[in-house]
Amino acid sequence: MREILLAPSLLGADPLNLEGSIKALNNNYDWLHLDIMDGHFVRNLSFGPDVAKALRKKFPDDFIDAHLMIDELETILPLFINAGVSLITIHAETEPHLLHASLSEIKRAGIKAGVSLCPPTPVRNIESVLELADLVLIMSVTPGFGGQKFIESSLEKVRELASLREVHKYNYVIEIDGGINENNITRAVLAGCDVIVAGSAVFKNDKPDEWLVNVRTKIKEAMKDFE
Ligand code: DX5
Ligand code: ZN
């Protein structure tokens, strides 16, 4: 059975107590998803490199999945490369002419490299970098804010990426981010997602640890039925 990873998005956590929010998950997560927003690429601001560094220090063994929704890659990317995160995802819409160079820069630093697509961007825009990618992130909402409605057509792109991976023997995992809840999570997995990001569904729940345990069971059952 494929391994499915759950990645709670800290954008949905208590901004005044990130540590407490993470501890409340009781180690039932696989990755910590950290959204970086610059107020230009998206209409919101979130965490900076110091937060990434502090997370790394406090949770030395955790896999920190940084999702950069930023312009000015040449300035900002090195700050996150030096912050100690485990994986950095950049957007295909950000300075597309730098996509190869930026993914290579991340990998040269020994960090896993991901590329992300906003809902209107087709998979063909990243075909030339798929061989470089460790992860492809499909945004299933317009990036910028938690708590939005899942865009169902995102799953078509997930299926397309899964089939391209099979045909070309690429190595990326497929991640989905935005509007994931207990009602659509198994559809995302069955479409081919390997890593599931969830912000509001996890952290707005009174028992976020139980939510993670329950969806993991639900996913296993759905996969068993399918295989
Ligand atoms: C949105 C972010 C997401 C966000 C998801 O731009 O990339 O990671 O936290 O939040 P939910 O799960 O509430 O849609
Ligand atoms: Zn994200």
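This is a stop-by-stop tour of a predicted model, with a selection to make at each stop.

**Before you start**

Residues count from 1 along each chain as its sequence is written, and chains are lettered from A and ligands numbered from 1 in the order in which they are written. In this predicted model, local features need pLDDT of at least 70, side-chain atom pairs count only at pLDDT 80 or more, and totals for chains, interfaces and linings use all residues, while side-chain values use heavy atoms, with hydrogens and water left out.

**Stop 1: the sheet**

Show the cartoon and colour the strands. Helices (H or I, at least four residues) and strands (E, at least two) are DSSP runs, numbered from the N terminus. Eight strands form an open sheet. Read across it in this order: β1-β8-β7-β6-β5-β4-β3-β2. The pairing is parallel. Two strands pair if DSSP finds at least two bridges between them. Strands of a sheet pair through backbone hydrogen bonds, either parallel or antiparallel.

Now select 5-8 and 31-37. These are the edge strands, β1 and β2. Each pairs on one side only. Neighbouring strands of the sheet are turned by 25° against each other on average, direction ignored. Axes here are lines fitted to C-alpha atoms, for helices over the stretch in contact, and angles run from 0 to 180 degrees between N-to-C directions.

**Stop 2: strand β3**

Select residues 63-69. This is β3, and six of its seven residues are buried, so the strand is largely enclosed by the rest of the structure. Buried means under 20% relative accessible area, exposed over 50%, and partly exposed in between (1.4 Å probe, protein chains only).

Add β2. Seven bridges join β2 to β3, and the two run parallel. Pick His33: Asp65 of β3 stands opposite. Now look to the other side of Asp65. Leu87 in β4 stands opposite Asp65 there. β3 and β4 (residues 87-91) pair in the parallel sense over three bridges.

**Stop 3: Leu32**

Stay in β2 and select Leu32. Is Leu32 buried or exposed? At 0% relative accessibility, Leu32 counts as buried. Show what surrounds it. Leaving aside neighbours within four places in sequence, Leu32 is in contact (heavy atoms within 4.5 Å) with Pro8, Leu10, Ile22, Asp62, Phe63, Ile64 and Asp65. For a sense of scale, draw a distance to Glu160. The two C-alpha atoms are separated by 26 Å, with these positions 128 residues apart along the chain.

**Stop 4: the crossovers**

Select residues 49-58, helix α2. Together, β2, α2 and β3 make a right-handed β-α-β unit. A crossover is right-handed if, with the strands pointing away from the viewer, the path from the first strand over the helix to the second runs clockwise. Turn the view and try it.

Next, select residues 73-81, helix α3. β3, α3 and β4 make a right-handed unit too. Move on to β4, α4 and β5, another right-handed β-α-β unit.

**Stop 5: helices α3 and α4**

Keep α3 and add α4, residues 99-108. Their axes are 11 Å apart and the helices pack at an angle of about 20°. That makes α3 roughly parallel to α4 (angles under 35 degrees count as roughly parallel, over 145 as roughly antiparallel, 65 to 115 as roughly perpendicular and the rest as oblique). Show side chains at the contact. From α3 come Leu73, Leu77, Pro78 and Ile81; from α4 come Ser102, Glu105 and Ile106.

Bring the sheet back. α3 lies across β2, β3 and β4, running at about 165° to β4. α4 touches β4 and β5, and its direction makes about 150° with that of β5.

**Stop 6: strand β5**

Select 112-117, which is β5. Five of its six residues are buried. Five bridges pair β4 with β5 in the parallel sense. Pick Ile90 to find its bridge partner in β5, Val115. On the other side, β5 and β6 (residues 135-139) pair over four bridges, again parallel. Ser116 stands opposite Leu137 in β6.

**Stop 7: two loop residues with positive phi**

Select Asn27, in the loop between α1 (18-23) and β2. Phi of Asn27 is near 60°, a positive value in a residue other than glycine. Asn27 counts as exposed, at 64% relative accessibility.

Then select Lys169, in the loop between α5 (154-168) and β7. Lys169 has a positive phi of about 60°. Its relative accessible area is 66%, so Lys169 is exposed.

**Last stop: Asp194**

Select Asp194, in the loop between α6 (185-191) and β8 (195-198). At 8% relative accessibility, Asp194 counts as buried. Beyond its neighbours within four places in sequence, its contacts include Arg2, Arg165 and Val173.
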